[in-house]
Structures are given as structure tokens and as C-alpha cells.
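Dear colleague,

I am passing on the structure we spoke about, and below it you will find what came out of going through it. Please look at the model first and then read on.

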Amino acid sequence: MDAFTYRDGELFAEGVALSDIAARFGTPTYVYSRAAIEAGYKAYADALAGHAGMVCYAVKANSNLGVLNLLARLGAGFDIVSSGELERVLAAGGDASRIVFSGVGKSRDDMRRALEAGVHCFNVESRNELERLQNVAAAMETKAPVSLRVNPDVDAGTHPYIATGLKENKFGISIDEAEAVYVQAASLPNLEVIGVDCHIGSQLTSLEPFLDALDRLLALIDRLNERGIKIRHLDLGGGLGVRYRDEQPPLPGEYIQAVRRRIDGRNLELLFEPGRSIVANAGVLLTQVEYLKHTEQKDFAVIDAAMNDLIRPALYEAWMDVVPVQPHSGAERTYDLVGPICETGDFLARERNLVLAEGDLLAIRSAGAYGFVMSSNYNTRGRAAEVLVDGEQAFEVRRRETIEDLYAGESLLPQ
Ligand code: LLP
């Protein structure tokens, strides 16, 4: 579904005009659609229906409490990578027993807090982490449920910064070593081996790498079974891509059906950790044109959103669609859309043909994932407001940061 459509010549989020949101909450502002987030989750949950397992939304993609709460109400599980994300999920009404804890750098405190809360599983990424978890669990006189994140050495065919399943990446335990590490895990008294996990990368646009990884993990599960190590669940991570421009990624339903066919006849629960494919196209970043600057070489539109608000274009050269909120007539020019930050890399889009006037509102599309969550305060810019639209109503789910917020934790030397 597309929750952002034109009506009477204006762009709406569900039943609310984006121009009304700009007037009420200012710009830049992230705007999310409840219906689109729910549809994104249900695409997974419906495809998994009838098979044991969980859809654990990857909190890192968009961790606003309002967003997490919508998913918690639908019964989602969550994939977290820090105790910060754990507290967010709990504060949003999520169920700890439906949480999986990923990440290469879990601290002892992270482990303690997650054991106290009672998470479903730790996705362990190294031998050292396994030993640390054993020690923490032993000190707490409890057992930690674990799966090993296996690095299956498949090429996800995505941007190198977001590919994670190759041997040279820092993630996971190499598939060649995995069996030996499982034997070790099974021998540790305060660990309970329950699953196998992998995550090979993000923004994947074909099923092949997923199914390749799946086949390698199934072979591993068979070898473990022969050694008497029983695996209850298979967690395939996240990574399914979305359309930013003209990509044609498979739908979650197609992906899950293909996985279900491959594991048919095995008694394996299925876990998925989708982030982007649930929220990316459920959000836009609403921004206003401050200045039009025409130079000999280029036409620039200086907008009030910057790389601190949305870093994907600067960091990955990501292409994000930019559309006018209230299209009007005039001369089309080819603009670079740049922010107010003092860096040449501060662009949100380059070489876009647009008809613009100062004061125009623009929507940067597909900004619901890895948008606000990656924002910073660079150049002492307060982070944007976040608004969640539900039908005809818009709710501010995070207020814009004030300048005072930005230095509230700082202090001067005594003299
Ligand atoms: N599970 C694990 C262990 C992950 O590391 C990730 C993402 C996910 C699940 C969710 O993947 P997704 O379904 O969203 O592809 N900032 C980058 C994306 C980084 C992804 C990191 N890991 C971007 O803006 O493209």
C-alpha cells in the first residue's frame, strides 16, 4: 500500500495533508503512516501464519515508541541490539519473551538486563561472547537461551557498508567453525542452545542469497542433529529490500513462502528480523525550501533538512525520491537538494528535475527506516519532530528538540 498520495493537487499522509502537518509541527518533520506500518508487519505475519515462529521487527530501523507500540499491539516480536533498544521495547509495551538480542558487542550489563527481562534468545556472534554469556548467566544462577549467528559466506549483492554475510565482515561465526562452537555452547552449563541465526545484509533485492544462506544453515542443522544438538528455531535475520527508485524486491509473502517450501517436513520454528521492509515506505521526511541558489555550474535548493536529519544519501550515496507537497507550474530546473550543514557531503538528493519556489514543501520518500534513528546533532541542530498519522489525525510522537535540550548535559569548568 502507499499511504502517501495526492488529493486535490496536494500530497497527503493517509487523510492528513502534509501542508497541515508542516503548519502544525514545523519542518523538518518525519511523518509516518500507521496503516502502512501495520500493513508492512502483516505482510510478514500473514505469510507466516500456520507455521510456528515469530516476526521480530528490527528496532534499529525505527525505534520511536509510538511505532514500536503499534507493532507490539499486533503481537510482533522484536530484534534488539542494545539495552537501550530493550528498554524502548518494554516502554512501548513489547513482550520480552518475544525479543531476540543481536549484535557483536554485547556488554555484561546488556546481558544481565536481558536475562532479567527474560528475552527469548541471544544471537551470539563469537566464542568470547559465548563464554561471557555463560559467566553472566552462571552468576545470576540462570540459563541463557542462545543461538549462534552463523556467517554463511554468501554475497548479498548489496552496498558494501550494509553487506554482513561475507567472511571478511565482522559479523557472526564462520560457517566452517560453527559446528565446533555449537559443541562448546552445548557443553556450557548455563547456556541452552535453541537456534541457528544469520543475517547476511540489508536492502537485498533477490531471493537467491537468502535461499543460498538457508541451504547452508539447513546442512549445518543436520550436522548438529547428528551430534545430538537439537535446533528448535531458524532465524533468517532481516534484509529484504524495498523500492526506493526502480528496484523490484520480492514481496515478504514470496520470500516466506519460498522459505517455508524449503524447510517443509522439518520441525523448525521460523524467525525473521525485518526492519526496512516494514517501515521504510511508511514514512517521509517533510522539509521546506529555504533558498534557491543558482550558480554558473549548478542550481541548488537549500532545504531545512540536512545530513544530520537523514544521513543515507551522504553515507551510502543512497537515492531517495523527492516529491513536491503542493506541485505548481513554473520552469523546471535540475537541482541539487542540499542542507544548511557546512559540509560538501550535505546533500539529500542530486540532479533532480523539479519546479521549485522558496517556501515550497518537499517530501523525501521512503524515509521511515534508518532515517530519524541515524540522525545527529551535528552543527548543533536539534533533531526533527516525528509525527504518526492515523486516518484523519496526526499525533506528535516525538517533539522537536530544543536548543536547550542539546546542551542540557554539558557543564562549564568551575573557574
Ligand atoms: N537483523 C540484524 C542482525 C541486522 O543487523 C539488521 C540490520 C536487521 C536485522 C534488519 O535489516 P533490514 O530488514 O532493515 O534490512 N543503515 C543502513 C542499514 C543497516 C542495516 C543494519 N542491520 C541503511 O540505511 O541502509
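In this predicted model, the shell around the ligand draws residues from both domain 1 (4-32 + 280-407) and domain 2 (34-277), so the ligand lies between the two domains. The ligand is surrounded by 20 residues, and the closest of them are Ser202, Gly238, Gly275, Arg276 and Tyr370. By character, the residues of this shell comprise nine polar, seven nonpolar and four charged, and at least two of the shell residues come from each of helix H10 (276-279) and helix H11 (312-316).

You may also want to look at lysine 60, which the unreviewed UniProt entry lists under "modified residue: N6-(pyridoxal phosphate)lysine". This lysine sits in the loop that runs between strand E5 (53-58) and helix H3 (65-73), and it counts as buried because 21 C-beta neighbours lie inside 10 Å, where 20 or more are required. If neighbours within four places in sequence are left aside, the contacts of lysine 60 are Val81, Glu85, Gly275 and Val373; Gly275 is also one of the residues closest to the ligand.

As for the protein as a whole, it contains 21 strands and 12 helices, and 47% of its 415 residues count as buried. The radius of gyration is 23 Å, which agrees with the value near 22 Å for a compact globule of 415 residues. Among contacts with a separation of 6 or more, 70% join residues that are 24 or more positions apart.

With best regards

Technical notes: Residues numbered from 1 in each chain as written. Predicted model: local features only at pLDDT ≥ 70, side-chain atom pairs only at ≥ 80, totals over all residues. Near = placed C-beta within 6 Å. Helix = DSSP H or I, 4+ residues; strand = E, 2+ residues; numbered from the N terminus. Nonpolar A, V, L, I, M, F, W, Y, C, P; charged D, E, K, R; others polar. Domains from an automatic or database assignment. UniProt positions renumbered as here; feature names shortened; annotations may be inferred. Buried ≥ 20, exposed ≤ 12 C-beta atoms within 10 Å, placed from the backbone. Contact = placed C-beta atoms within 7 Å. Rg over C-alpha atoms; globule rule 2.2 N^0.38 Å.
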